Amino acid sequence: QDYLTLRTLLAKIVGLTLCLSSGLPMGKAGPMVHISSILADQYSRLFSRFEPSFLSESRRLESLAAAGAVGVASTFAAPVGGVLYSIEVTTMYFTVRNYWRGFFASCCGAIAVRMLRQWATKTEVTVKAYYQTKF
């Protein structure tokens, strides 16, 4: 699983930064989901040293499902859309208890992006959420 390593995370962040700064037309949802999945996997590996329950495969799959929801919610500022994306992608092993975990994680991701946008001195394209809702 070389696609969830720290080396891949570094390459993804550098590549995404260079692509966005050059003005290339590219989507952000895929890279954001991949980055959040890498971070979730790395956190699971780190926490497994302190808590053995993080070694189980089901816990790892639950964290990857929540990470997919966070990636979409951070891109579009839509927590419910993140959960629906998570259900769609992880339909084979999605359990009912993941609904609230994914929703809470995606709300935290959407709030973090919204706060980052408010605290930034100027609103840049990289901080702006696509199709922002005004509810």
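Select E57 in this predicted model, and look at how far its side chain is covered: with a relative accessible area of 47%, E57 is partly exposed. Now add R60 to the selection, whose relative accessibility is 13%, so that R60 counts as buried. The side chains of these two residues meet in a salt bridge, with an N to O distance of 3.2 Å. Both residues belong to helix α3, which runs over residues 57-76, and they stand 3 residues apart, about one turn of the helix.

Keep R60 displayed and bring up L4, which is in contact with R60 as well as with S37, I38, D41, Q42 and L64, when residues up to four places away in sequence are left out of the count. L4 therefore offers a convenient route to the next two stops, since D41 and the nonpolar residues I38 and L64 are among its contacts.

Move first to D41, which has a relative accessibility of 1% and therefore counts as buried. Extend the selection to R45, which at a relative accessible area of 44% is partly exposed. A salt bridge joins the side chains of D41 and R45, at 2.9 Å from N to O, and the two residues sit 4 residues apart within helix α2, about one turn of the helix.

Return to L4 and select with it L9, L16, I35, I38 and L64: these 6 residues make up the largest nonpolar core. Colouring by helix is useful here, as α1 (6-22) and α2 (29-47) each supply at least two residues of this core. As a general background to this step, nonpolar side chains in soluble globular proteins tend to be buried together.

For the next stop, select R101 and E62, whose side chains meet in a salt bridge with an N to O distance of 2.5 Å. This pair links distant parts of the chain, because R101 lies in helix α5 (residues 98-119) and E62 in helix α3, with their positions 39 residues apart in the numbering. Which of the two partners is buried, and which is partly exposed? E62 is buried, with a relative accessible area of 11%, whereas R101, at 42% relative accessibility, counts as partly exposed.

To finish, display D41, R45, E57 and R60 together, since salt bridges that share partners join these residues into one network. By the rule applied here, the count of salt bridges comes to 4, among them the pairs D41 with R45, R60 with E57 and R101 with E62.

Key:
Residues numbered from 1 in each chain as written. Predicted model: local features only at pLDDT ≥ 70, side-chain atom pairs only at ≥ 80, totals over all residues. Heavy atoms only, no water. Core = buried A, V, L, I, M, F, W, Y, C linked by side-chain atoms within 4.5 Å. Buried < 20%, exposed > 50% of the residue type's maximum accessible area, 1.4 Å probe, protein only. Contact = heavy atoms within 4.5 Å.
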